[in-house]
Amino acid sequence: MMKKTLITAVVLLATLYGIWQLSAARSFQLFGELIHRVDTNEKVIALTFDDGPSKRFTDEVLAILTAERVTATFFVTGKETTQNVPQARQLLAAGHQLGNHSYSHPRMLLMSPTAVASEIEQTDAAIRSAGYQGDILFRPPYGKKLLVLPWYLAQQNRTTIMWDLEPETDPKLAGDAEAMAAYVIN
């Protein structure tokens, strides 16, 4: 009996771990389209930022991007966009793209379809009210998605945008901007 209980516990833990890993997969989801990389012969980088816009960081980031003549996609939250409409408009005026990163930045794994729809639709409305007119891409908070979120996005004909490089999470690179840049460029 004890052995059976132990085996059941191990199988359950392994299953839960597998589901957790699947929810964070950068190149796979169960429903809809997911883009984590675009293959091209050109040496280009799609620069993206998550969260914001904010009074604290937007001006500084914009100044750097303008000085370097670089455009980016900003995956913004609806709450911060609503609170910082002038900063969202600055991003647009500088030629950057706005994408949806949910309204309140929750882990969207176990949310109901109604809650998922609310998070996405409120953010779309905030992005539109800032003046953005293009297609609105979606990036899940923390990169977490499992069933309901990808299903909702597929029903809405929306694409999930992930990433394939995250140098700031590598302990060998995290504190060194030049090392991060070299890693990404290589």
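# Close-up views of a predicted model

**View 1. Phe74 and its stacking partner.** Phe74 is tucked away: its relative accessible area is 6%, which counts as buried. A quick word before going on: what you see here is a predicted model. How many aromatic pairs does the structure hold? There is one aromatic pair. It is made by Phe49 and Phe74, whose rings are stacked, with 4.9 Å from centre to centre and 15° between the planes. The two partners come from distant parts of the chain, 25 residues apart: Phe49 belongs to strand 2 (residues 48-50), and Phe74 to strand 3 (residues 73-76). Why do these rings count as stacked? Planes under 30 degrees apart get that label, and the angle in this pair is 15°. While Phe74 is buried, Phe49 is partly exposed, at 26% relative accessibility.

**View 2. Asp50 and Arg139 hold hands.** Move one residue along strand 2 and you get to Asp50. Arg139 makes a salt bridge with Asp50, and their closest N and O atoms are 2.7 Å apart. This is a link between distant parts of the chain, 89 residues apart, with Arg139 in the loop between helix 5 (113-129) and helix 6 (148-155) and Asp50 in strand 2. Is Arg139 buried or exposed? Arg139 counts as buried, at 2% relative accessibility. Asp50, on the other side of the bridge, is partly exposed, with a relative accessible area of 32%.

**View 3. A cis bond after strand 2.** Look at the link between Gly52 and Pro53: the peptide bond there is cis, with omega at about 5°. Most peptide bonds are trans. Pro53 is part of the loop that runs between strand 2 and helix 2 (58-67).

**View 4. Two salt bridges to one loop.** The structure holds four salt bridges, and two of them fit in this view. Arg26 and Glu166 bring their side chains together in one of them, at 2.4 Å from N to O. Here, too, distant stretches are linked: Arg26 sits in the loop between helix 1 and strand 1, Glu166 in the loop between strand 5 (159-161) and helix 7, and 140 residues separate them along the chain. Arg26 is partly exposed, with a relative accessible area of 31%, and Glu166 is partly exposed at 23%. Next comes the salt bridge between the side chains of Arg37 and Asp164, at 2.5 Å from N to O. Which parts of the chain does this pair tie together? Arg37 lies in the loop between strand 1 and strand 2, and Asp164 in the loop between strand 5 and helix 7, so the pair ties together parts 127 residues apart in sequence. Arg37 is partly exposed at 48% relative accessibility, and Asp164 is partly exposed at 29%.

**View 5. Charges over rings.** Two side chains here hold their charge above an aromatic ring. Arg107 lies over the face of Tyr142, 4.1 Å from the ring centre. The charged end of Lys144 is found over the ring of Trp20, at 3.5 Å from its centre. Tyr142 itself is worth a second look: Tyr142 is not a glycine, yet its phi is positive, at about 60°. Most residues other than glycine have a negative phi. Tyr142 lies in the loop between helix 5 and helix 6 and is partly exposed, at 43% relative accessibility.

**View 6. Asn157 and its positive phi.** Asn157 is not a glycine either, and its phi is positive at about 55°. Where is Asn157 found? Its place is the loop between helix 6 and strand 5. Asn157 is exposed, with a relative accessible area of 72%.

**View 7. A nonpolar patch on the surface.** Phe28, Leu30, Phe31, Leu147 and Trp151 make a nonpolar surface patch of about 450 Å². One of them, Phe31, sits in the loop between helix 1 (2-23) and strand 1 (33-35). Phe31 is partly exposed, with a relative accessible area of 33%.

**View 8. Tyr183 and the residues it touches.** Tyr183 is part of helix 7 (residues 177-185) and is partly exposed, at 40% relative accessibility. Which residues does Tyr183 touch, not counting those up to four places away in sequence? Its contacts are Leu165, Pro167 and Leu173. The C-alpha atoms of Tyr183 and Pro167 are 7.3 Å from each other, with the two residues 16 apart along the chain.

Notes:
Residues numbered from 1 in each chain as written. Predicted model: local features only at pLDDT ≥ 70, side-chain atom pairs only at ≥ 80, totals over all residues. Heavy atoms only, no water. Phe/Tyr/Trp six-rings, centres within 6.5 Å; stacked < 30°, edge-to-face > 60°. Helix = DSSP H or I, 4+ residues; strand = E, 2+ residues; numbered from the N terminus. Buried < 20%, exposed > 50% of the residue type's maximum accessible area, 1.4 Å probe, protein only. Lys NZ or Arg CZ within 6 Å of the ring centre and 35° of its normal. Patch = residues over 30% accessible without salt bridge, like charges linked within 9 Å, V, L, I, M, F, W, Y side chains within 5 Å. Areas by Shrake-Rupley, 256 points an atom, 1.4 Å probe, with all protein chains shown as cover. Contact = heavy atoms within 4.5 Å.
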